[in-house]
Amino acid sequence: MSAASPDGAWRPSELELGRRAFRRRQTWRSVLVSALSTLVFAGLLAWAVLGSPGWARVAETFFDPEVAIASLPRIAQGLLLNLQVLVFAAVGVLLVAITLATLRTLRGPVFFPLRAIAAGYTDLFRGVPLLIVLYLVGYGVPALEFFPRLPVAVWGTIAIVLVYSAYVAEVFRAGIEAVHPSQRLAARSLGLSHAQTMRRVVLPQAIRKVTPALMNDFVAMQKDVGLISVLGAVDAVRAAQIETAHYFNFTPYVVAGLLFVLLALPMVRLTDWVTARMRRREQIGSIV
Amino acid sequence: MSRAADEAQPPAGAAGEREPVLALSGVRRAYGEHVVLDGVDLEVRAHEVVALIGASGSGKSTLLRTANLLEPIDDGVIRLAGRDISDPRVDADAVRARIGAVFQHYNLFPHLSVLDNVTLASRLVHRTSKAEAERRGQELLASIGLANFARAYPDRLSGGQQQRVAIVRALATGPELLLLDEVTSALDPELVGEVLALVRSLADGGTTILMATHEMAFARDVADRVVFLDGGRIVEQGPSREFFAAPREERTRAFLARVLPG
């Protein structure tokens, strides 16, 4: 079948070349079909929206290009604050969440208070709405006059860390529990302590398992950093609100929304890529 | 014990009188530079039992996986009862529904009872009624002495019992061909016997089997034909007793010297 060429190297047979050509045609066909169906769908959607009675007014109040261009610099300036908050919050969430998840895995009666605190923490902060935590931390904690005056963005970051850590800790805990018990037995058999086993054997595997879920939480956090605007921090959302009042037009909100989508896109794509790569690895070349 | 290939009945609906159940010709599979199957030609006739032997990495498992289209091939043709199943137009699920496969690690579904494991494909793929599928499932479980475990979950069973359930699960839909991939390799030595006994009784009953195995004595006693793979090529094949009594190739002799005691 596979005819060897004079130099001994393998060359695909006519049959295989035919199959490859067929697969290529199939690929092209799929691309064409999806393009066509997208066009039809987009056309119908456009027809429904553009044909609606109120479209002219909506276009004017939400999609005014002049207002969009005029408001863009200030909103982009605000987005920089969101980015700063995001970076600090992401690092904070990772540290607090791993600590919480590890506390919950501690064995032995001595550690009961720590386990209980960790469990109570995740119960509490997964239950309270983020907005309420923002108000309590943003207005309540400074009122204690215990800390020096700090920008509201700092309090906003702390509130976000408090809430997201609770979620992410649960993700880590699920990952830790998904590592097969035999891995722990093997590590302990080598004489590693509980802490060494967690840090060197269990956590590295757990983090790998939950990476897609973590990245998903990160994407969610990317837009929730916009909520610090309720404390008065001039971030992208707040800037859009100010511009909206200034121009008497809602377009700045649309601009801010698009900027947040652009911010999320790289992470969303990266998440898809990482997930796909993990799936490929686990299937070792098989196709189902 | 010798059921020669020419006594074989043609499979129902086969294209021709003498069409083999499974026929590979020039099958090639490579991962990048690494060629796992390098132009393999192999036929399995109806009611024939063929054993694949060879060192780890010789391509036995890959060959079995290409046969039920779990592994794509890079060249060559695979025919099932005369029909080219390596054609991209072929419905792979329909092909797999006609082939039974059992793996090294049993792979029973832990969330389903033993009986549900056995009847799953009959009900979902072959649209057999629940009552009929369960009647047949109970019958199969009774035939391997596990009727009492029908409602139990797989973790209650020993490795040997799980593997025997996996084998009847593969048989429940009446496949034309049974693929066995090192079905005793993960078992404790004292559990190997019960699984081999089941395979032997299937072979005696006329089931067409292609199996990869490390059990040389079993291959010699049960298989009609033994195929020795090395480096992705078939080095030697022949009727099992002749094959073990007088291997012709130097590489076969070297391999047998390593794996056979004494």
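What follows is a set of questions and replies on a predicted model with chains A and B.

Me: Why is B:Glu71 called buried?
Reply: Its relative accessible area is 2%. Buried means under 20%. B:Glu71 is therefore buried.

Me: What makes B:Glu71 and B:Arg65 a salt bridge?
Reply: Their closest N and O atoms are 3.1 Å apart. The cut-off is 4 Å, so the pair qualifies.

Me: Is B:Arg65 buried, exposed or partly exposed?
Reply: B:Arg65 has 24% relative accessibility. Partly exposed runs between 20% and 50%, so B:Arg65 counts as partly exposed.

Me: How do you know that B:Arg241 and B:Asp221 form a salt bridge?
Reply: The N to O distance is 3.8 Å. The limit is 4 Å, so this pair is a salt bridge.

Me: What does the pair of B:Arg241 and B:Asp221 tie together?
Reply: B:Arg241 lies in helix H8 (residues 240-245) of chain B, and B:Asp221 lies in helix H7 (residues 216-222) of chain B. The pair therefore ties together parts that are 20 residues apart in sequence.

Me: Why is B:Arg241 called exposed, and B:Asp221 partly exposed?
Reply: B:Arg241 has 53% relative accessibility. Exposed means over 50%, so B:Arg241 is exposed. B:Asp221 has 24%. That value falls between the cut-offs of 20% and 50%, so B:Asp221 is partly exposed.

Me: What makes A:Arg173 and A:Glu177 a salt bridge, and how are they placed in helix H6 of chain A?
Reply: Their side chains meet at 3.5 Å, N to O. With the limit at 4 Å, the pair is therefore a salt bridge. The two are 4 residues apart in helix H6 of chain A, so about one helical turn separates them.

Me: Which of the words buried, exposed and partly exposed fit A:Arg173 and A:Glu177?
Reply: A:Arg173, at 23%, counts as partly exposed. A:Glu177, at 56%, is exposed. The cut-off for exposed is over 50%.

Me: Which residues are linked with A:Arg173 and A:Glu177 in a network of salt bridges?
Reply: A:Arg104, A:Asp123, A:Arg126 and A:Glu170 are linked with them. The whole structure holds 30 salt bridges over all chains.

Me: Why is B:Thr207 called buried?
Reply: Its relative accessible area is 18%. The cut-off is under 20%, so B:Thr207 is buried. B:Thr207 sits in the loop between helix H6 (189-204) and strand E8 (209-212) of chain B. Beyond neighbours within four places in sequence, its contacts are B:His47, B:Glu48, B:Val49, B:Leu171, B:Leu178 and B:Leu202.

Me: Which residues touch the most other members of the largest nonpolar core?
Reply: They are A:Ile75, A:Ile160, A:Phe172, A:Ile176 and A:Met221, in a core of 51 residues. Seven helices need not be listed here, but among those giving two or more residues are H3 (65-105) and H10 (251-283) of chain A. H6(A) gives the most, 13 residues.

Me: What does A:Ile176 touch?
Reply: Leaving out residues up to four places away in sequence, A:Ile176 touches A:Ala101, A:Thr105, A:Arg184, A:Met198, A:Val202, A:Leu203 and A:Ala206.

Me: How many salt bridges cross the interface of chain A and chain B?
Reply: The rule finds 0. It does find 3 residue pairs in polar contact. The two chains bury about 1400 Å² between them, 55% of it on carbon and sulfur atoms.

Conventions
Residues are numbered from 1 along each chain as its sequence is written. Chains are lettered from A and ligands numbered from 1 in the order in which they are written. This is a predicted model: local features need pLDDT of at least 70, side-chain atom pairs count only at pLDDT 80 or more; totals for chains, interfaces and linings use all residues. Side-chain values use heavy atoms; hydrogens and water are left out. A nonpolar core is a set of buried Ala, Val, Leu, Ile, Met, Phe, Trp, Tyr and Cys residues joined through side-chain atoms within 4.5 Å. Buried means under 20% relative accessible area, exposed over 50%, partly exposed in between (1.4 Å probe, protein chains only). Contact means heavy atoms within 4.5 Å. Buried area is the accessible area (1.4 Å probe) that two parts lose on being put together, summed over both. A polar contact is a pair of N or O atoms within 3.5 Å; within protein, one must be able to donate a hydrogen and the other to accept it, and residues adjacent in sequence count only if both atoms are side-chain atoms.
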